[in-house]
Amino acid sequence: MQVAVTPFERLGGQAGVRALVDRFYDLMDTLPQAATIRALHPRDLATSRDKLFKFLCGWLGGPQLYMQEYGHPRLRARHISFPIGAAERDAWMLCMERALEDCALDTLMRAHLLQSLRNTADFMRNRNEPEDSR
Ligand code: HEM
């Protein structure tokens, strides 16, 4: 019998997701390419870390910690006050791709996860840019 393993379990449960989110925000805090999106966040990243951790636990197939505390994520609506175009999307993904490099994931799950994250990040765009700037 084949047992389906969720990305949440594969990443090492809550401790693994916490480590991923911490790496992600540490990178956002230091990579020059992420300076623009870092500036959109509060100076103290503690709440941002906690919210992304809780959201990702549920999104990756683990406990719905974010929903329990804050209700439906309505992610696009919650991002609408931040100017997000292709450059911001790509900077967010750069931090996430680098953060995921430290995770022991098999090639297929990594590719699947990155594609889902890319789709979600792209969905967050709320600025139209000319095609040739992408
Ligand atoms: C595309 C580029 C993105 C940018 C520039 C961006 C930026 C931000 C900013 C500035 C905040 C507010 C931080 C705070 O209040 O502490 C935020 C919150 C959040 N972001 Fe993003 N984000 C992006 C993509 C994503 C993606 C792809 C996800 C999920 C996979 C995500 C998940 C969240 C969550 C869960 C919150 C907390 C929402 C709340 O309860 O207020 N973001 N984001």
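**Helix 2 against helix 4**

I started with how helix 2 passes helix 4, and the crossing is right-handed. This is a predicted model, so I keep that in mind for everything below. Helix 2 covers residues 13-30 and helix 4 covers residues 46-59. Their axes come within 9 Å and cross at roughly 135°. An angle over 145 would count as roughly antiparallel, and helix 2 and helix 4 are therefore oblique to each other.

Which residues of helix 2 meet helix 4? I listed Q14, V17, R18, V21, D22 and Y25 on the helix 2 side. Facing them in helix 4 are S48, R49, L52, F53, L56 and C57. By class, I get 7 nonpolar, 2 polar and 3 charged residues for the contact of helix 2 with helix 4.

While in helix 4 I also looked up D50, which has its place there. Buried or partly exposed? D50 counts as partly exposed, because it has 15 C-beta neighbours inside 10 Å and the buried class needs 20 or more. I then took the C-alpha distance from D50 to Y66 and got 9.2 Å, with the two 16 residues apart along the chain.

**Helix 2 against helix 7**

Next I took helix 2 with helix 7, where the axes come within 8 Å and cross at roughly 130°. That makes helix 2 oblique to helix 7. The handedness I noted for helix 2 passing helix 7 is right-handed.

On the helix 2 side of this pair I have L20, R23, F24, L27 and M28. They meet C95, M96, R98, A99 and L100 in helix 7. The residues of the contact of helix 2 with helix 7 sort into 8 nonpolar, no polar and 2 charged.

**Helix 7 against helix 8**

How far apart are the axes of helix 7 and helix 8? I get 10 Å, at an angle of about 160°, with helix 8 running over residues 107-123. That makes helix 7 roughly antiparallel to helix 8, because the angle is over 145. The crossing of helix 7 and helix 8 is right-handed.

From helix 7, the residues I wrote down are R89, W92, M93, M96, E97 and L100. Their partners in helix 8 are R110, L114, L117, R118, A121 and D122. The classes for the contact of helix 7 with helix 8 come out as 7 nonpolar, no polar and 5 charged. Going back over my lists, M96 and L100 of helix 7 meet helix 8, and M96 and L100 also turn up in the contact with helix 2.

**Loops**

I checked C103 next, which lies in the loop between helix 7 and helix 8. With 18 other C-beta atoms within 10 Å, C103 is partly exposed. What does C103 touch, leaving aside its neighbours within four places in sequence? I found L11 and L20, and L20 is also one of the helix 2 residues that meet helix 7. C103 and G12 are 91 residues apart in sequence, yet their C-alpha atoms are 9.1 Å apart.

F82 has its place in the loop between helix 6 (75-79) and helix 7 (86-101). I counted 13 C-beta neighbours inside 10 Å for F82, so I file it as partly exposed. The C-alpha atoms of F82 and N126 are separated by 8.3 Å, with their positions 44 residues apart along the chain.

R74 caught my eye in the backbone angles: its phi is positive, about 40°, although R74 is not a glycine. R74 lies in the loop between helix 5 (65-70) and helix 6. Buried or exposed? R74 is exposed, because I find 10 other C-beta atoms within 10 Å.

**Whole chain**

Last, I zoomed out. The protein chain has 8 helices and 0 strands, so along the sequence I just read α-α-α-α-α-α-α-α. The C-alpha trace spans about 50 × 30 × 25 Å along its principal axes. Why does the radius of gyration fit a compact globule? With 134 residues such a globule would have a value near 14 Å, and the protein chain has 15 Å, which agrees.

Of the 134 residues, 19% count as buried. For contacts with a separation of 6 or more, I noted that 73% join residues 24 or more positions apart.

Key. Residues numbered from 1 in each chain as written. Predicted model: local features only at pLDDT ≥ 70, side-chain atom pairs only at ≥ 80, totals over all residues. Helix = DSSP H or I, 4+ residues; strand = E, 2+ residues; numbered from the N terminus. Rg over C-alpha atoms; globule rule 2.2 N^0.38 Å. Buried ≥ 20, exposed ≤ 12 C-beta atoms within 10 Å, placed from the backbone. Contact = placed C-beta atoms within 7 Å. Axes fitted to C-alpha atoms, helices over the stretch in contact; angles between N-to-C directions. Parallel < 35°, antiparallel > 145°, perpendicular 65-115°, else oblique. Left-handed = near helix turned anticlockwise from the far one by under 90°. Nonpolar A, V, L, I, M, F, W, Y, C, P; charged D, E, K, R; others polar.
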